[in-house]
Amino acid sequence: MSRFLLVIFIVTCWLLTGCQQGKPESQCERCHAALELVSASHTDCIACHGGDASISDKKSAHASMMGPRNPAAPMFWEKSCGQCHAYQLRRLQSNLMFTNTGFVKNIRLTWEGGSEGLYATRAQSTFAANGEPVELLAVSELDNLAGELYRKYCSLCHVGIESHQSWRASHASGCAACHFPFNDNGTYQGNDLALRGKWPHSATHRMESLPTNDVCLRCHNRSGRIALSYQGLNDGNNGAVPVKNAFPANVISGARNVSHIQADIHHDKGLECIDCHTSRDVMGDGYAYENMYLQTEVACEDCHGSATQRPDVQEVKRENDEAVRESRSYQRQVQLGDSLVLTSKGRAYSNVFYREGQVILVGKRDGHEHVSKVITDTPEHQIVGHERMECYACHIAAVPQCFGCHTQYDRSKTGYDFMLKRETTGRFSEKEDYRSLYPFALALDQRGKIAPLTPGCQTFVTVLDETGVVVKQEYVSEFRGKKQLRFAPFYSHNTPAKAVGCSECHANPAFLGFGQHVVEGQSVESTLLCEQGDELPLDGYMVMKYGTIQPFSAVVREHSRPLNETEVRRALAVNQCLVCHANPQDPIYRQVIDYDQIEECLNRATGIR
Amino acid sequence: MIRLKNALIALLVSGSCVTAHAAHTQLKMATPCQNCHDSVVVGAHATLLCQDCHGADGDLFEPTTIDNKAHGCSGCHKQAEHIFDHAMSTREAEQQFCQRSWSQADPQFFERNCMGCHVTRCLDCHGEGHAINLPDVETCVSCHNGYFVGWDYSSRAPREDSVRYQRGGQNHGQYFLKMRPDVHFEVGMDCSDCHTMTSLQEGKIVARRCVDCHDPDPQVIEHSIDAHMYKLECVSCHAAWAAQEYGSFYIQTRNSSNRDYFRVKPVSDQYVKSAYLKRQDVPPLGLNERGLVAPIRPQFIAYYSEMKNNQPVGEENRLLAAQWKAFTPHTIRRGTVMCDGCHGNARRFMLEPLSRRIYRPDMDGLGLESFWRSVGQTVVNGAFYSPDQFTRMSQKTTEYKRKYVEKWQNFLKKDADSSAN
């Protein structure tokens, strides 16, 4: 019987959704007369919300609603949004922003959390990146400190969970997390008087098919803080100044305040997050990746070309091409015959065109055209050795770095578990040592290329037992079989107009991982120190004593590692040339440098024959 | 006798020296002090009579204070009282700075926020009660801590003001960041080894400068460059780091629960203090009073806000001063930054190009286009380096190129023996 009812319900929903006219007999509008339309194609209340539009009594009419606030929440989305948008829903269900598999995996790696199996926000059978079936286990079953840390700290930034107590960082759950944005305090401010001022609700009832930067900022204001850096904001020292109207200015969730830094050049030119990031980046492509850098398909080279290869292009040849469908809500829709630039995974962007030899990115929301500078074959990008660099090793200004994360786990107190939805034994709290934006260390990333690093993480764990007695103090966990701190390769989304100069990087050993320092003889003395060693930098991963280089921290991610001695010496040796050959376009850098020539070269340069 | 002792104690507690004096005069001169007092003097003064410090009549109850000009001490320690004529007692520089800055907004600012460090008696530095001794580094840093030079000597830098950063080692009630200590501290030198009592009494900052003990080795590449030797203070290269605070905010709060939103260390009932940005790397360089290149740092870029009943009073974030000081970080190491740490490093000389800014205080309404540009800022005891001087200094002359290459070659050679130099 219930199955029969369900079929009826689904059929009704389908009929209603297909219908472009609001039902004249609907009682909903009696109370919600001024409620905004979701969109021109989403006009029927019941199709999305459930409930009974024929009943005028509020309670009875609402009784069968989904939510009733948010029918897009994961517990309803199969019956609501997913009824029409099955393709998007299936992708989202394997998407890292929903599964958080990467979060959990990385936390386990660095919190001695075991390595068996992959966890997600809920158990599910899906498909891995290689197309093979994969079982994701429920993180609520991960019964160790790593699982608990995720559930009590990290899980609020998860599109499956509603967060409604964070200033500027609250969001709905499910599809609505991005498509029905909350305002700063999660309060409805639309036209419907029955709802106005109610919390927690989206700011209005109008759907945002193309989410703004502010939506991304709801979650990406922590950890890497890329949504902040991109827009020129810095979650700096939590100093709560300057002051505005007798409050700390620019407050953001968690008693933090942001201050201004120079924004990313792409932001200054008017590009929004979604102008670079494809829907497959942010909503997934149907496969369950293990880390966001594997799911992400956008790369700098897509639009700007690599040193040797211009951007890849493909013509739209079918009327139902993915890009045609995706661009329906854009200012500029993709049409048959358009030439589209391809992502690093070989799939077409729906807003980057190739026209008359130019790469042109068109703003999805505003339709503005931006001509992309292609760097292929330019001499400054042909430097021998620099083929191993990520673009953003040089094209970066600020890298948010939080040094020393001192986490306390106190079993004499309770903490709220957002996944289990109850208080359980054990409360986490954090203190920190120092934050900085510049300089930053470089090392090898997951692609084997040289990239900026940020601490990821320098965690020191203190554990208190049920009676409040310290049983573990400032403990450094094991990573790759050794107690060591960790750094993570990172693109901070703060690309300046001009790349860092050659000497600015090569002549400052801080960029090679030594932290702030002085040089004495053949030793580098770090000056900001880790509390657990008298020689170890807090803001670096490497020491150099009498010419011998010794990394003491790991670089997380597969294929990643600290720079080795040969690489460090090679990067520093070129200073002997840079003092005269300061121009990166100088042909000497397009071949391997023979340092045996230095003396002769110098004699020539200084007039000694 | 016990009754007499109690009476004396009562008199002493009442705080009236005149009454106590009267009480002592009634005693027979031969009455031993120990009949009433059980104080035991330890250290160098153990062999002295009570009267040697407390006066023939025993009526100098506070022999070391500014009020009686350290009369009990100055008999032997000639001119000891002159200490009260100088910086540590008068705090003239600090008072003058306040007059130029925060006191413009709150005339009582100095009294409200700056009374903690003030030498008023010899015993402030020379021990407790009758255990008189010489001050060590820890004694000095009971005042010379936090942002002030002294803490740096013993490897401490101030932490951020937010409660989130209040952790780690503590000293005199403040948490600090662990830094590389000064090389002189490492070998056990006390502050007084350079800052002698005589020099302090004379109102001098220091008795011995670097070159009074050190003869710079001309074999060292940097020492072989004349301009370095004639135009630079030693600390310009040898100060390894320094505490720098960019934007010091004092917020006066009256009947305002909003002060709780500023989750920073409390300063007083009336004030909340925070900073916009702190760093502790190598400080910028400018010119000092002697016209030599020297480290400089903000002291202070002072902002003031006021609130009453949770409402702002007057303009918020008033920039009252943007003043820098040429100074001597006590973070001396044998090593230095490499050549590019100064040559061609415009930010280091307060000449950051607008196009290379990272921090944008202007966009936060702080009235400065950059912390590392001289526009709107001054050096109170020197000057900023001029663009011309910087361009000249950054020229890659033949000599520069040669020495530059030599410096890198020396750094990169792998030879354990050479590291000793």
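**Close-up 1. Where chain B meets chain A: 69 residues of chain B are in contact with 59 residues of chain A.** This is a predicted model, and here we look at the side of chain B that touches chain A. Several elements of chain B chip in at least two residues each, namely β5 (174-178), β6 (244-254), β7 (271-279), β9, β10 (311-312) and α15 (398-412). The top contributor is α15(B), which brings nine residues to this side. Sort the residues on this side of chain B by type and you get 27 nonpolar, 20 polar and 22 charged.

**Close-up 2. The largest nonpolar core, with its 156 residues.** Looking for the residues with the most contacts inside this core? They are A441(A), L442(A), A443(A), L453(A), L512(A) and, from the other chain, A302(B). Strand β9 (residues 293-308) of chain B supplies the largest share of the core, nine residues. Apart from this, there's a second, separate core of 19 residues, with I107(A), A120(A), A146(A) and A288(A) among them.

**Close-up 3. A441(A) and its contacts.** If we skip the neighbours within four places in sequence, A441(A) is in contact with L453(A), F487(A), F511(A), L512(A), G513(A), G540(A) and Y541(A).

**Close-up 4. C457(A), a loop residue between β18 (450-455) and β19 (459-464) of chain A.** Is C457(A) buried or exposed? C457(A) counts as buried because 22 other C-beta atoms lie within 10 Å, and 20 would do. Setting aside residues up to four places away in sequence, C457(A) touches T110(A), C405(A) and R486(A). As for V568(A), it sits 111 residues from C457(A) in sequence and 23 Å away in space, C-alpha to C-alpha.

Technical notes: Residues numbered from 1 in each chain as written. Chains lettered and ligands numbered in written order. Predicted model: local features only at pLDDT ≥ 70, side-chain atom pairs only at ≥ 80, totals over all residues. Core = buried A, V, L, I, M, F, W, Y, C linked by C-beta atoms within 7 Å. Buried ≥ 20, exposed ≤ 12 C-beta atoms within 10 Å, placed from the backbone. Helix = DSSP H or I, 4+ residues; strand = E, 2+ residues; numbered from the N terminus. Contact = placed C-beta atoms within 7 Å. Nonpolar A, V, L, I, M, F, W, Y, C, P; charged D, E, K, R; others polar.
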